[in-house]
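This briefing covers a pair of packed helices and the interface between two chains. The topics are taken in that order.

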Amino acid sequence: MGVRRWVESWPLYRQLTGTDPLGRGAAAKSAGSLSLTARTETADSMARSVCPYCAVGCAQRVFVKDGQVTQIEGDPDSPISRGRLCPKGAASKSLVTSPFRQTTVRYRRPYSTQWEDLDLDTAMNMIADRVLAARDETWEDVDDAGRPLNRTLGISSLGGATLDNEENYLIKKLFTAMGALQIENQARI
Amino acid sequence: MIVIQGSNMAEAHPVGFQWVMEAKRRGAKVFHVDPRFTRTSALADSYLPIRAGTDIALLGGVVRYILDNELDFREYVVSYTNAATIVTEDYRDTEDLHGLFSGFKEENASYDQTSWRYEGQGQNVPPRDTETQRETAAGLEHESHGAPVNGQTQRDETLQHPRCVYQILKRHYARYTPEMVERVCGIPQEKFLELAEAWTRNSGRDRTGMLVYSVGWTQHSVGVQYIRTGAIIQLLLGNVGRPGGGVMALRGHASIQGSTDIPTLFNLLPGYLPMPHHADHPTLDEWVDSIRHPGQKGFWGNARTYGVNLLKAYWGDAATADNDYCYGYMPRMTGDHGTYQQVLDMIDGKIKGYFLLGQNPAVGSAHGRAQRLGMANLDWLVVRDLFMIESATFWQNGPEIETGEIVPEECRTEVFFLPAASHVEKEGSFTQTQRLLQWREKAVEPPGDARSELWFFYHLGRIIRERLATSTRPRDRALLDLNWNYPTHGPHAEPSAESVLYEINGYEVASGRPLSSFTEMKDDGSTAGGCWIYTGVYEDGVNQAARRKPAGEQSLVALEWGWAWPANRRILYNRASADPDGNPWSERKKYVWWDPQKAEWTGYDVPDFEKGKPPSYRPPVDSSGVAGIAGDDPFILQGDGKGWLYAPTGVLDGPMPTHYEPVESPVRNPLYRQQANPTRKVYTHPINTLNPSPPEPHSEVFPYVFTVSRLTEHHTAGGMSRMVRPLAELQPEMFVEVSPELAVERGLDHLGWAYLVTTRAAIEARVLVTDRLTPLRIEDRIIHQVWLPYHFGFEGLVTGESANDLFGISLDPNVLIQESKVGTCDVRAGRRPRGQELLELLVDYRRRSGDLGPHYPPQVTTDVADSGRDREV
């Protein structure tokens, strides 16, 4: 390497003479970092998404390779967030890819001291049985004056603010048709 | 001018806070009012420390400052608010009645609002008694529409009539002087005057000021009135419906706005229609009339259309004019069916099954022990979440195991944990805090058994309907006739979220054409729509919420990014951004205006007004509905078209906000004999005991004020953050912040341990001694406040005791939200006692505070004349 090329390899020289006066881009690159490729460039696909934490609604880009989320970053197109994410939003890849996520159904029998495994279809049918039984046992047709009640106060539900509008719509629709009134979410707290 | 109060925006909504910094860079003054100095305070121009629970006293002081100095935006106030409207002579103020308004009924601690009404015939006949309104959180129905009031009012536009709202307001706040603000809030007078002066100076034709709040305002027994006080200031200063103005609610979950609009709430149906009440709404006609208030002005005149479209969306072909569109299928409320009532009913064995859908009440709701004991007394519990949260494992790892209050072998609750899909594993829309819907694309399939809520509820409904297919019981018709046909796709038969959005939007029944506006809805069954305020989100069959035109390629208002309800309007009531004649108030604050050439409203946003209605339009006498709104009435959902400085009906704890002490307070109300909100919702249940407060004796047993809020690195009850490695690493431990003075008083060591005690619980935390907390001089004594994060629980990568365990349950009467931003406690050095010794400690505190049984501070204290001269009237 000649002296000129050696001097040109100094980040400070490149910062002072090149196109990167703040030294946060090209000037700071080494041979090693020049050879790196961002995960965002090799992704198979990118989904336009929204941060799942608070209600500011920062836009996210979710990068996927081989069916796995490889990167989540702020979407610079957003007029709300301009590409920025807070520590929680920036950790959302860790949220969705966490090894601590439960990915199978777990079941605890009455009076038991431990969890058991349960098949999803079985769980769905057991839950449907219990909903119908609770509804029948606590059904109220009319009030004391004979006015309609059409309801059960034996079933409760809590949650919705972390879910999609479409999900909230189906939850409320099904519970209302079932006569279950006691439907609440985080907006109450 | 930006005032942030009841919110730590820089830490809880950091990315939104960039716009506050942007405004500051351009010269805006930023004020932060909070019990604790936070990063928001550090970046503000001015910080005002405040005693938790006294915000109305401060804001009332600002109202007095505006009125006394005549600094209101007079032309806006006269034309667009009800300042000129005359109130009946029967009205009596809190100044006359020791802190109560006229009409108070001791027998059920609620108001007969008749004496609050406007002068004139047929004004605001209460459609439902006020106790029923409290039980059913009826205030929430007014989130988007006005309470009933007839538009034919009497006005004095000189604002001199002694019974006009302007003069009533002036008298009501006459004693909220800078001296009083200092005595109640602990805010030095010069700091108060700095805020009041800046707020008024930065409002008017050329300038606007913005008010920002979060749950630091809502989670109080007077929470709705906090926000009303802010709204009164903003209306007096002309800061509503204009760019740079408004009252901004920063909400805390990705779609908490959506789950209020399309509610999973007991008292509401989509689009703020009320859930029917058994006595008030036995028939469709009575239900509709209770919403539209026949004869009333405004867009709620079309309530029948909105109601029929919802019923038609729910029950499809089965819903016909002949059967009142299946209205009879609706379940009916008989009272309070809210989440806290439910928990007490669980403890009492009245509830069999409970679904938890991404919510963790064992940590996140007030009175954690009551939450856990309630869940331990169910037949079955279904928890749907990403992680194994405390509300799924209370029977195994909860703090009640150690005290013996829950014994796994004796706990009968059957628990199903079903893993949920994350936000990148399903498609759908979130509605963010400014009513903006943003669609998310699906990135990957959910792992293992994880499924979306859409999948779970669609298939649960499918299975239940299959089970009942041969049923002939009347009660099953509502399920069997339900319109439950959504196309599914993929290996798990995932229902189509877009098909649900299409139904929410609404469609023409015969052709299937999506509606483009709720004004296309018909009340004859020919259209169906699941949430009228969302109509237009699927206009032209295009998912408008999925629009992503880059910010740089469109106007600042960014109308082509996502879709905002209603009608893609970004600032509500934006007719008020023009003067009564339809011209912009100023070139600088130009936003929406009347174009006389084209004879229509135009501007940078979608005008929030009938497009062709000129400013000069005056409604014919006795007109109602939309036709009753004059061309210069911007508040088109209100019965009189005006912004309400004074609420002649609809707000259950008074027509104007009044300072009441928190239910648990170490301080006697310096303003009135009435100590706390007399109409608050009280639950008398053995588990829900409250600390004594003045004028009762023994409040010195719990001498300190505590408040809780968020850390940047954690989210609510921690279910999405304590389980996430980088976040857990950044904030690994529960702690309590105390002032150096309190540390000396209580012998607390920095980084040592302390425990906090209330009549409900004792929890321990590491001590952080910091001058972020300032002892406040209140009257003649020093009040210490302590602060805790509320994210911690006993599961996850990092654990800690739950701050919400300390709270009792007292609710705001309008919306049934709990007071969980302020309570009283004792603070002691060291680790807390465990097991039986913990229970003995709590008994000891209860004995010392005078009552071993459940204790509730009295609701009415106006007969206690212990007060200084300020309280005497």
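In this predicted model, helices H13 (residues 284-292) and H14 (residues 303-315) of chain B have axes that come within 8 Å and cross at roughly 130 degrees. H13(B) is therefore oblique to H14(B), since angles from 115 up to 145 degrees fall in neither the perpendicular nor the antiparallel class.

**Helix pair in chain B**

- The crossing of H13(B) past H14(B) is right-handed.
- On the H13(B) side, the contact is made by Trp287(B), Val288(B), Ile291(B) and Arg292(B).
- H14(B) contributes Ala303(B), Arg304(B) and Gly307(B) to this contact.
- Sorted by class, the contact of H13(B) with H14(B) has four nonpolar residues, two charged residues and one polar residue.

**Contact between chains A and B**

- On chain A, 100 residues are in contact with chain B, where 129 residues take part.
- Helix H8 (residues 165-178) of chain A supplies 13 residues, the largest share of the side of chain A that touches chain B.
- That side of chain A divides into 50 nonpolar, 28 polar and 22 charged residues.

**Strand pairing across the chains**

- Strand S7 (residues 148-158) of chain A pairs with strand S10 (residues 353-357) of chain B.
- The pairing of S7(A) with S10(B) is in the parallel sense and runs over four bridges.
- Opposite Leu158(A) stands Leu356(B), a residue of S10(B).

Definitions and conventions: Residues are numbered from 1 along each chain as its sequence is written. Chains are lettered from A and ligands numbered from 1 in the order in which they are written. This is a predicted model: local features need pLDDT of at least 70, side-chain atom pairs count only at pLDDT 80 or more; totals for chains, interfaces and linings use all residues. Axes are lines fitted to C-alpha atoms, for helices over the stretch in contact, and angles run from 0 to 180 degrees between N-to-C directions. Helices (H or I, at least four residues) and strands (E, at least two) are DSSP runs, numbered from the N terminus. Angles under 35 degrees count as roughly parallel, over 145 as roughly antiparallel, 65 to 115 as roughly perpendicular and the rest as oblique. A crossing is left-handed if the near helix is turned anticlockwise from the far one by less than a right angle, and right-handed if clockwise. Two residues are in contact if their C-beta atoms, placed from the backbone, lie within 7 Å. Ala, Val, Leu, Ile, Met, Phe, Trp, Tyr, Cys and Pro count as nonpolar, Asp, Glu, Lys and Arg as charged, and the others, Gly among them, as polar. Two strands pair if DSSP finds at least two bridges between them.
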